[in-house]
Amino acid sequence: MGGAVISPGPETELAARAVLALDDESTDRNGLDLRNPLALRTMTTNSTIPEGQILVTYGGGVNTIANLILVRRLGLVPRVIVMAFPGHERTRTIWYRDEIMAPWLAGAGFPTVTVVSRWEEILHRTKFKNVETLGGLCERTAGLPSVAYGWKRCSFNFKRAPSVWWAERQEWCRKEWAAGRKIVKAIGYDMDEPQRARPGFDDPVENARYVPWYPLLDAGLDRAGCEALIASEGLPSPGKSACTFCPNNTLREWEEVRRDDPEAFAYALEMSRRAAPGLQNPDTTGLMRCNPKGKRQLHVWTEGGYPGLLPASEADDAEVQSTTPCECAL
Ligand code: SF4
């Protein structure tokens, strides 16, 4: 499973490779041609690819899929594709990974998705003892995912940490670092959220081991461009990926979970009911951060306790797009 090691090249080199890749695609499979605005935007990419083995982060949503397609069209092969799994992804995200992306990855000569989790990685560590999913943590503490309280510890603990821990256990990663080489972490942030991109990582250890790369930003792709790229590949849209009970869900997303994942919705309801008595600020803290203050308790909303709240179809204009990645999406 050897990955491409890419030397930094001039801007024109990357642009030329993107053009060639797109031209190949247009004649071989997708009919995409250089008159396509998406292709033109990709041509005008003004960044170079960091040198090193490529690790693609797999959240499972629109940005993830567009990111992988772009990596392929640039003629690169990731060394590994890593999905950090807190334990409660949407059924659709898992289905898309296994039924849509698995054959696509095989066809591209890419590795399969490596799923990592806190509860598995913790078995290799002595410092921690609670072997549980994010939902399990919420059950044990009668709490909510920390993002409901305004923190981001749930994504740090259940996505970032297990990814970092998993890599530390891989011999090829240790060899790269021992040789003084950083691993290129290809992250799917797009032009709708350029502020999320950083030249390095906050954690000095992570910074010493990885260099971030943002292919979608380099290509100038926004969310609509990502959707267009996925469509040009002949793939359906994967929608958004997030924990089913994510407090960042929009109203429409809550309705989607209720419709598509009734068991997961019931689980979230129970979480909401369980946590409510212990909330210091129930007006501002709850699973429905999408609602106005005072209306953020999922179980109250479900029981019809918020009369006058706009239905999702009418409220959408005031909300973030339903495909916007969770704040923690990597
Ligand atoms: S998807 Fe939401 S609940 Fe899950 S880890 Fe990310 S911020 Fe937390």
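The legends below describe close-up views of a predicted model.

**View 1. Overall content of the predicted protein.**
The model contains 15 helices and 5 strands. It has 330 residues, and 41% of them count as buried. Contacts between residues at least 6 apart in sequence are mostly long-range in this chain: 77% of them join residues at least 24 apart.

**View 2. The parallel sheet and its edges.**
An open sheet is formed by 5 strands in the order β3-β2-β1-β4-β5, with parallel pairing. The edge positions are held by β3 (113-116) and β5 (210-213); each has a single partner strand, so one side of each is left without a neighbour in the sheet. On average, neighbouring strands are turned by 30 degrees against each other, direction ignored.

**View 3. Strand β1 and its two partners.**
Strand β1 spans residues 54-57 and is covered on both faces. I54 and V56 lie on one side, L55 and T57 on the other, and all four are buried. This arrangement follows a general pattern: in a regular strand the side chains alternate between the two faces of the sheet. Towards β4, β1 is joined by 3 bridges in the parallel sense, and I54 has V184 as its bridge partner there. Towards β2, the link is again parallel and consists of 3 bridges, with L55 opposite V80.

**View 4. The β2-β3 pair.**
Strand β2 covers residues 80-84 and pairs with β3 in the parallel sense over 4 bridges. Within this pair, I81 stands opposite V113 of β3.

**View 5. The β4-β5 pair and its crossover.**
Strand β4 (residues 183-186) runs parallel to β5, and 4 bridges join the two. A186 of β4 has W213 of β5 as its bridge partner. Between these strands the chain passes through helix α9 (residues 204-209), and the resulting β-α-β crossover is right-handed.

**View 6. Helix α3 between β1 and β2.**
Together with β1 and β2, helix α3 makes a right-handed β-α-β unit. The helix has 12 residues and reaches 17 Å from its first C-alpha to its last, close to the 16 Å expected at 1.5 Å a residue. How many of its residues are buried? The count is 12 of 12. Polar and charged side chains are on the buried list too, including N63, T64, N67, R72 and R73. Burial here is a count of neighbours: a residue qualifies if 20 or more other C-beta atoms lie within 10 Å of its own. After the helix comes G75, with a positive phi near 80 degrees.

**View 7. The largest nonpolar core.**
This core has 41 residues, of which L55, V56, A66, L70, V82, A186 and L216 touch the most other members. Helix α3 (residues 62-73) supplies the largest share, 7 residues. Which residues does L70 touch, leaving aside those up to four places away in sequence? They are P215, L216, A219 and L229. Another core, of 24 residues, lies apart from the largest one and includes A148, F158, M271 and L298.

Definitions and conventions: Residues are numbered from 1 along each chain as its sequence is written. This is a predicted model: local features need pLDDT of at least 70, side-chain atom pairs count only at pLDDT 80 or more; totals for chains, interfaces and linings use all residues. Two residues are in contact if their C-beta atoms, placed from the backbone, lie within 7 Å. Two strands pair if DSSP finds at least two bridges between them. Axes are lines fitted to C-alpha atoms, for helices over the stretch in contact, and angles run from 0 to 180 degrees between N-to-C directions. A nonpolar core is a set of buried Ala, Val, Leu, Ile, Met, Phe, Trp, Tyr and Cys residues joined through C-beta atoms within 7 Å. A crossover is right-handed if, with the strands pointing away from the viewer, the path from the first strand over the helix to the second runs clockwise. The expected span of a helix is 1.5 Å times one less than its number of residues.
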